[in-house]
Amino acid sequence: MGSPVVDIAILTHFLSPYQAELFNEISNAGHFSIRVHYLHRSHHTRYWSSLNLSHQAVFLREDTKALSDAMRDFETARLAILNYYNERMAQKLIHCRSKTGLPWVFWGERPRHHFYYLASRMYRHLRLRALHQSNAPIWGIGRLAVDGYRREFGPRRTYANIPYFSNLERFSRSAGSASARPNRERTILYSGSLIPRKGVDHVAAAFARIIREGLSAKLIVLGSGPLEQMMREHLASCMDRVEFVGFRDWETLPDLYAVSDILCVPSRYDGWGLVVPEGLAAGLPVISTTQTGSAMEFIQPGHNGWLVPPDNEDAVYRAMRQAVTLTDEQWREMSSLAVRSVASHTLAHGAQRFITAALDAIESWKGSPAPGRKLAARVLP
């Protein structure tokens, strides 16, 4: 006997702590029975420890039967949510759902605009032709994503802003002691993969520059990646002010945020960027870019952080210099505003937004729900 029919079938790339937390919260809310189909259990650039799952999860690459079971889920679920399209198995599930005539949604990060924009848009058009040929709603992960998809797919469908959410309470515990921190030199934290897209070269160059000027600061580099050696070379003249701590499991991250004063994440491009709300929740004013989805959602320049153009080393340097020269009173004010700016970005609120958008997608599909199906009560955001 097969497993029972689910209300919502979800396809996503790989299991991360953040998606696990959100899907657990949605499942525990009890409005829908959800089953999440992960293409992979892990990713080669991530080393997270095992995660506690309270939602139904299927790992498609681990079971030869999993694809046929997933096809059944995507043929029968009240709603299908597709969060990934870049593998053949994902393509099969997208086309499987689109042929049923039942409600489905595409949920994704902002389509990237870069030098190869035309080629990448043609590639997306090919991979998502089922989406182009339908009126299926699109959920953008952040306002930038919504705007990007509306430009690419046009106005003849519904769009919703459903960003990523995670448990920020574990970071906010450290923010409570911010006002009691003793006078000290500013500690800048970088948290993320050490890759070109994240702008780590600008972090290293800007920090070395402010130290050469005689300013007092420390730098913590949290993460690993191919540009670590390059960063070490850029920072060779001030390595006594730098600590490389490598990759850390997600449960240990709040301890490093708690000993820092500023978060610097100058990504050339980041569809969302969960580190930004994490840093703000920990009371850290954040330096980020106008090409980072979460930064555009939460950062108010001059209040809780700095927004700089992407791929602009001088702009990162100027923001970093302002950050390390803040007076204690200025820092405490920005820290307080940082915490308040993400106070409502909770897992419970994220689950409500997801459930509300799911109900809207079902109710508005071809004007009415399927015959004989009674919808759950609407959940207000």
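This passage describes salt bridges, one buried tryptophan, two enclosed or open spaces and two backbone angles in a predicted model.

Salt bridges are taken up first. Side chains of opposite charge can pair when their charged atoms come close, and the structure holds 19 salt bridges. One of these joins the side chains of D69 and R72, with a distance of 3.7 Å from N to O. Both D69 and R72 belong to helix α2, which covers residues 66–76, and they are 3 residues apart, or about one turn of the helix. An α-helix has 3.6 residues a turn, so residues three or four places apart point the same way. D69 has a relative accessibility of 26% and therefore counts as partly exposed, since that class lies between the limit of 20% for buried residues and that of 50% for exposed ones. R72, at 25% relative accessibility, is likewise counted as partly exposed. The pair also belongs to a wider arrangement, in which R35, K65, D69, R72 and D73 are linked in a network of salt bridges.

Helix α6, made up of residues 143–153, contains both D147 and R150, which are 3 residues apart, about one turn of the helix. Their side chains meet in a salt bridge, for which the distance from N to O is 3.7 Å. D147 has a relative accessible area of 36% and is thus partly exposed, and R150, with a relative accessible area of 38%, is partly exposed as well. Other residues of α6 are buried, namely L144, A145, V146, G148, Y149, E152 and F153. After α6 comes G154, which has a positive phi near 85°.

A further salt bridge connects the side chains of R321 and E213, with a distance of 2.9 Å from N to O. Because R321 lies in helix α13 (residues 313–324) while E213 lies in the loop between α8 (200–212) and β9 (217–222), this pair ties together parts that are 108 residues apart in sequence. R321 is partly exposed, its relative accessible area being 34%, and E213 counts as partly exposed at 39% relative accessibility.

The surroundings of W365 are considered next. This residue lies in the segment after α15, the helix of residues 347–364, and its relative accessibility of 15% means that W365 counts as buried, the limit for that class being under 20%. When residues up to four places away in sequence are not counted, W365 touches G101, L102, P103, W104, A136 and P137. With one of these residues, G101, there is a link through the backbone, as the side chain of W365 reaches the backbone oxygen of G101 at 2.9 Å. W365 and N135 are 230 residues apart in sequence, yet their C-alpha atoms are 8.8 Å apart in space.

The empty spaces of the model form another part of the description. Rolling a probe the size of a water molecule over the atoms shows where empty space is left. The second largest pocket holds about 170 Å³ of space. Its lining consists of 13 residues, of which L168, E169, A343, H345 and T346 are the closest to the centre of the pocket. The elements that contribute two or more residues to this lining are α7 (169–175) and α15. By class, the lining of the second largest pocket comprises 7 nonpolar, 5 polar and 1 charged residues.

Cavities were sought over the whole structure as well, and the search finds 2 of them with a volume of 30 Å³ or more. The second largest cavity contains about 50 Å³ of space, and the residues that line this cavity are Y190, S191, K198, V265, S267, D270, G273, V275, V276 and T292. At least two residues of the lining come from each of β8 (186–191) and α11 (275–281). The lining of the second largest cavity divides into 4 nonpolar, 4 polar and 2 charged residues.

A last point concerns the backbone. Most residues other than glycine have a negative phi, and most peptide bonds are trans. D311, although it is not a glycine, has a positive phi of about 55°. This residue, D311, is placed in the loop between β13 (305–308) and α13.

Methods: Residues are numbered from 1 along each chain as its sequence is written. This is a predicted model: local features need pLDDT of at least 70, side-chain atom pairs count only at pLDDT 80 or more; totals for chains, interfaces and linings use all residues. Side-chain values use heavy atoms; hydrogens and water are left out. Helices (H or I, at least four residues) and strands (E, at least two) are DSSP runs, numbered from the N terminus. Buried means under 20% relative accessible area, exposed over 50%, partly exposed in between (1.4 Å probe, protein chains only). Contact means heavy atoms within 4.5 Å. A polar contact is a pair of N or O atoms within 3.5 Å; within protein, one must be able to donate a hydrogen and the other to accept it, and residues adjacent in sequence count only if both atoms are side-chain atoms. On a 1 Å grid over the protein atoms alone, a cavity is a set of points where a 1.4 Å probe fits but cannot get out, and a pocket is an open set with protein on both sides within 12 Å along at least five of seven lines; lining residues have an atom within 4 Å of a point. Grid points are joined across faces, edges and corners, and a volume is the space filled by probe spheres set on the points. Ala, Val, Leu, Ile, Met, Phe, Trp, Tyr, Cys and Pro count as nonpolar, Asp, Glu, Lys and Arg as charged, and the others, Gly among them, as polar. A salt bridge is a side-chain nitrogen of Lys or Arg within 4 Å of a carboxyl oxygen of Asp or Glu.
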